[in-house]
Amino acid sequence: ASPLPFTSRVSLLLIFPLLEVQSATNPELCKSTSKLLIDCLKDCKPLSLANEPQDCLDGLENLLCKWINDEKFVGADQEKACLASTLVILACARGSIRMMLSTLHTVQKLNCPDLDVSRMLRELLETSGGPGVPTSLTGSLHHLCWDHSDVISVPADINSSKENSKTKEVPRTLGTDGKYLYLTGCTGAGLARIGTGRAGTLRGVVYARNLHIEQGWVTYADGNLVFRNASADTKSSSPFCQLLNPSTLQVEAEVQLCGMSPAISNSNNSTTTLALCSDGLYIYWVTCSSVVVRSGPSKSNKSLTIFVDVLSFQNNDNGALELTPVKDRITIQRKDIEASKTLTEALIERLRPVRSSSANMALEAIQLLAATAKDDNAQTSCGLTLKVLRKTPMYTCGNHLVMVIPSSGNSRSGQPSALFVPALSVSGPSKGIATSLCFSLSDGQLDQRVDLSDAPGCALAKGSSLCSMGACYDVENNTIWTCSDEWVEEWGNPGNMAPHHIARRLGVVPTPSPDSALIPLL
């Protein structure tokens with residue numbers, strides 16, 4: 001927004017003391033002014049006045065507060081409610097934390113009926129804090145990097161039975177409760193609990209260890225230490241996950257997944273778990289399924305579809321915990337990625353016998369499953385091959401699902417360097433260390449790609465392998481933790497906190513219905 005001319009700003013600032021003096025002799029001026037302001041502000045979107053002159057907005061705020069706190073104000077209940085509503089709407093449109101807190105303090109002192117501001121507050125929650133950068137690994141926010149030896153050395157006889165002879169490619173996973181880190185070994189087996197140095201814990205000290213934990217994924221959500229066994233994908237009788245005791249790391253209870261749609265439940269046999277992460281409250285189950293994604297009316301792009309299911313803990317009728325979906329399943333994909341077909345594939349497609357669309361989809365899914373079983377180089381909907389995706393560290397803050405992949409030209413991670421990241425120019429800036437692919441959890445699309453290139457003290461710059469790295473989000477401290485074979489690191493979160501975290505701290509329902517006002521959480 002262009003700056004306001006000096007003469008216009010001075011003229012506007014001089015109006016506020018005139019209104020204050022005139023309202024002392026003519027109280028009707030307050031009533032007409034508040035109605036005029038509401039009519040002007042009702043069309044303003046949240047955060048739309050963030051770039052307006054601050055001194056003018058401060059003058060308007062001070063004028064409204066003086067009128068609200070005036071004991072001689074005529075018609076106190078109705079007029080003060082109108083002024084309070086104007087003040088709340090102005091605070092939402094301005095987007096100032098100071099003004100929002102001051103407005104809350106002012107409104108709490110009033111004894112007036114409910115304010116008609118639910119629409120503005122609902123729209124403010126939906127903005128998720130306004131435009132900003134997504135969460136990612138950023139060099140300027142690299143806080144700590146301390147070395148540690150691999151505290152999990154799983155004996156050779158564990159997972160060596162015939163049933164587990166074919167071990168899966170499960171990466172190191174990480175979870176935190178804000179005080180301790182719960183991490184698995186580099187192969188996904190074993191579990192350790194180490195201190196972070198926060199809340200009275202000793203940094204790097206191993207407080208507990210369980211070497212008999214099989215391959216799987218560990219995370220911490222809603223006060224529960226969650227573990228999902230890697231064999232749960234193939235065993236229909238296995239529980240979805242298990243709850244572990246945070247102190248002893250022993251299994252305490254089993255949790256089932258309920259409330260999924262029949263179509264999703266029937267496809268679990270062909271579902272492969274890629275990650276199980278948490279934002280501290282919800283569990284995000286990242287899977288791939290053999291679904292043929294069509295890119296046009298007659299074309300089909302044979303790729304594995306990546307899904308994210310958002311789950312929360314609920315108590316059933318018997319008082320036991322179970323997981324239920326919070327929202328509809330999210331499809332992770334990139335619209336700008338379309339598998340290019342060779343000339344031979346195009347000719348084969350033309351010579352393919354005519355079948356019904358459902359028959360073609362079924363046949364392609366069967367062929368894709370067979371190809372995936374033989375080779376993990378199948379393309380996925382997010383642009384990465386399944387082989388690379390199995391080893392990719394993932395974490396989420398609730399707004400975005402972040403996949404950390406090697407940057408172009410970085411070969412130290414042990415993964416293919418040419419994914420879909422464009423090659424860096426020889427004469428350009430220094431080579432990146434890693435790249436964070438930030439997928440929005442509202443629509444599943446790639447929101448932004450953030451390169452990590454200014455962190456010479458991080459573990460990846462020191463030669464650690466990206467394949468052995470685990471990552472998680474710490475909602476208690478709003479930070480990101482990563483752990484490799486030799487290093488544990490803490491990163492600041494450059495993005496905004498998820499709306500459900502803000503709403504939980506404020507004690508309001510995160511997504512109120514359109515016809516209801518915000519109601520407090522019990």
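This is a short dialogue on how some labels in a predicted model are justified.

Tutor: The model is predicted, so local features need pLDDT of at least 70, side-chain atom pairs count only at pLDDT 80 or more, and totals for chains, interfaces and linings use all residues. Residues are numbered from 1 along each chain as its sequence is written, and side-chain values use heavy atoms, with hydrogens and water left out.

Student: Why is the pair of Tyr182 and Tyr220 called stacked?

Tutor: Rings of Phe, Tyr and Trp (its six-membered ring) pair if their centres lie within 6.5 Å; planes under 30 degrees apart count as stacked, over 60 as edge-to-face and the rest as tilted. Here the centres are 5.9 Å apart and the planes differ by 5°. Both values meet the cut-offs, so the pair is stacked.

Student: What does the pair of Tyr182 and Tyr220 tie together?

Tutor: Tyr182 lies in strand β3 (residues 180-184) and Tyr220 in strand β6 (residues 216-221), so the pair links parts 38 residues apart in sequence. Strands are DSSP runs (E, at least two residues), numbered from the N terminus.

Student: What makes Tyr182 count as buried?

Tutor: Buried means under 20% relative accessible area, exposed over 50%, partly exposed in between (1.4 Å probe, protein chains only). Tyr182 has 0%, so the label buried applies. Tyr220 has 17% and is buried too.

Student: What makes the pair of Phe240 and Trp285 edge-to-face?

Tutor: The angle between the planes is 85°, and the centres are 4.8 Å apart. That angle is over 60 and that distance is within 6.5 Å, so the pair is edge-to-face. Phe240 and Trp285 are both buried.

Student: Which charged end sits over the ring of Phe240?

Tutor: That of Arg228, 4.6 Å from the ring centre. The rule asks for NZ of Lys or CZ of Arg within 6 Å of the ring centre and within 35 degrees of the ring normal. Arg193 sits likewise over the ring of Tyr180, at 3.7 Å from its centre.

Student: How do you know that Cys397 is in no disulfide?

Tutor: A disulfide is a pair of cysteine sulfur atoms within 2.5 Å. The nearest cysteine sulfur, that of Cys438, is 8.6 Å away, so Cys397 does not qualify. The whole structure holds zero disulfides. Cys397 is buried, at 2%.

Student: How do you know that β15 and β16 pair?

Tutor: Two strands pair if DSSP finds at least two bridges between them. β15 and β16 have three, so they pair, and they run antiparallel. Tyr395 stands opposite Val402 in β16.

How values were computed. Helices (H or I, at least four residues) and strands (E, at least two) are DSSP runs, numbered from the N terminus.
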